[in-house]
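Trainee: Could we go through this model together, with me asking for the reasoning behind each label?
Mentor: Gladly, let's have a look.

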Amino acid sequence: MHAERQTLILSLAGVLLVSALGIGFGIFSGSFAITFDGMISLVDAMMSILSIRVAGLIARSLVRGLSRRFSMGFWHLEPLVLAVNALTLMAIAGYALVQAVLALLDGGRTVQFGPAVVYAAITLVLTTTFAIAEHRANRRIRSALVAMDVKGWIMTGGVTAALLIAFAAGALIEGTPLAHLAPYVDPAVLVIVACVLMPVPFGTLRRALSEISLATPSVLRDEAEGVADRIVAEHGFRSAHVYTAQVGRSRQIEIAFLVPAGLDARTLEDWDLIRRRAVAELGGGDPNHWITVTFTTDPALM
């Protein structure tokens, strides 16, 4: 958890740097595409702050125990942050697309291509460096928040690469018979970038909404039902009912076993052995897993 938080804090510093460069160079060069790039980075910075806060809450709840007020933990905040991030990025991309189309219809926009190329080159190096470093760190951390952050760096890097190509082309056609096309370079590349970026967060949004609505992942359900069925067969129980949900990094599983009435008496230690086996097979060693195993003879209580 500490490594996750440190990675997000380092990423936040990089995002703030890129955002400042984008907004500053965008205003100086007159490029709305660069300003858009800076605004995307600013949104990433705000989302990074939320991600760091959520990661800290989850880590503290696991170390110190769940609070009385939030006795079910803070895992539900993770998909909420991911959903807000995805929706915000899609909204900004949509707004940029509208503005770019209006600029094209209005005759384009004059841009100083020299500073624009310098900005794109510097930012492309920064975004590539942070994306690679964070991706490598997440191989060990395995955090959805860090993974989303990596996607943010990839998106920013893709935008910057497109800007670099477009501005370099714009600089080359200045003073040539094609110079009349130069004002259209900035809004044209923004249209392309916005159209490419809008669908990118959709997968993250769909997964986040699925977790917020507590939809049951088929893989998790099948795994839990497999464990329950084996225990039912081995101990002669009547049946088992499984409830599962994936919320952020938390896997929430409840298994209710229907025990035959009149079954030979067992000690609590014996029942606990069955519980321990189910928990162990379902990865109970992970502190982010919430696993409950119950026994009853009444089907109405399952």
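Trainee: Where does N138 lie, and why does N138 count as buried or exposed?
Mentor: N138 lies in helix α4. This is a predicted model, and in it N138 has a relative accessibility of 14%. Buried means under 20%, so N138 counts as buried.

Trainee: Which residues does N138 touch, not counting those up to four places away in sequence?
Mentor: N138 touches S143, V146 and A147. In this case a contact requires heavy atoms within 4.5 Å.

Trainee: What makes R142 stand out in its backbone, and where does R142 lie?
Mentor: R142 has a positive phi of about 55 degrees, although R142 is not a glycine. The residue sits in the loop between α4 and α5.

Trainee: Why does R142 count as buried or exposed?
Mentor: Exposed is the word for values over 50%. The relative accessibility of R142 is 71%, so R142 counts as exposed.

Trainee: And V219, how do you know whether V219 is buried or exposed?
Mentor: V219, whose place is in helix α8, has 64% relative accessibility and therefore counts as exposed by the over 50% rule. Its C-alpha atom is separated by 47 Å from that of G26, and the two residues are 193 apart along the chain.

Trainee: What makes M90 "partly exposed"?
Mentor: M90 has a relative accessible area of 24%. Under 20% would be buried and over 50% exposed, so a value in between is called partly exposed. M90 is found in helix α3, residues 77-105. Leaving aside neighbours within four places in sequence, M90 is in contact with M198, P201, F202 and L205.

Trainee: Let's turn to the rings. Why is the pair of F130 and W153 called stacked?
Mentor: There are 8 aromatic pairs by the ring-centre rule, and F130 with W153 is a pair with 4.8 Å centre to centre and 10 degrees between the planes. Centres within 6.5 Å make a pair, and planes under 30 degrees apart count as stacked, so both values fit the label.

Trainee: What does the pair of F130 and W153 tie together?
Mentor: F130 lies in helix α4 (residues 113-141) and W153 in helix α5 (residues 144-173), so the pair ties together parts that are 23 residues apart in sequence. Both F130 and W153 are buried.

Trainee: How do you know how to classify the rings of F237 and W271?
Mentor: Their centres are 6.0 Å apart and their planes stand at 25 degrees. With the limits at 6.5 Å and 30 degrees, the pair is therefore stacked. F237 lies in the loop between α8 and β1, and W271 in helix α9 (residues 268-281), so this pair ties together parts 34 residues apart in sequence. F237 is buried, and so is W271.

Trainee: Which residues form one aromatic cluster with F237?
Mentor: The cluster is made up of F237, F257, W271 and F295.

Trainee: Now the sheet. In what order do the strands stand, and what is the pairing?
Mentor: The 3 strands form an open sheet in the order β1-β2-β3, with mixed pairing. β1 (239-247) and β3 (289-296) each have a single partner strand, so they stand at the edges and one side of each is left without a neighbour in the sheet. Neighbouring strands are turned by 10 degrees against each other on average, direction ignored.

Trainee: What makes β1 and β2 count as paired?
Mentor: At least two bridges are needed. β1 and β2 (residues 250-258) pair in the antiparallel sense over 9 bridges, so the requirement is met. As one detail, the bridge partner of Q246 in β2 is R251. Helix α8 (residues 218-235) lies across β1 and β2, running at about 155 degrees to β1.

Trainee: What about the whole chain: how does its radius of gyration stand against that of a compact globule?
Mentor: A compact globule of 302 residues would be near 19 Å, but the protein chain has 26 Å. The C-alpha atoms fill a box of roughly 95 × 35 × 30 Å along the principal axes.

Trainee: How many helices and strands are there, and what share of the residues is buried?
Mentor: The protein chain has 9 helices and 3 strands, and buried residues make up 43% of the 302.

Terms used. Residues are numbered from 1 along each chain as its sequence is written. This is a predicted model: local features need pLDDT of at least 70, side-chain atom pairs count only at pLDDT 80 or more; totals for chains, interfaces and linings use all residues. Side-chain values use heavy atoms; hydrogens and water are left out. Helices (H or I, at least four residues) and strands (E, at least two) are DSSP runs, numbered from the N terminus. Axes are lines fitted to C-alpha atoms, for helices over the stretch in contact, and angles run from 0 to 180 degrees between N-to-C directions. The radius of gyration is taken over C-alpha atoms; the globule rule is 2.2 Å times the number of residues to the power 0.38. Buried means under 20% relative accessible area, exposed over 50%, partly exposed in between (1.4 Å probe, protein chains only). Rings of Phe, Tyr and Trp (its six-membered ring) pair if their centres lie within 6.5 Å; planes under 30 degrees apart count as stacked, over 60 as edge-to-face and the rest as tilted.
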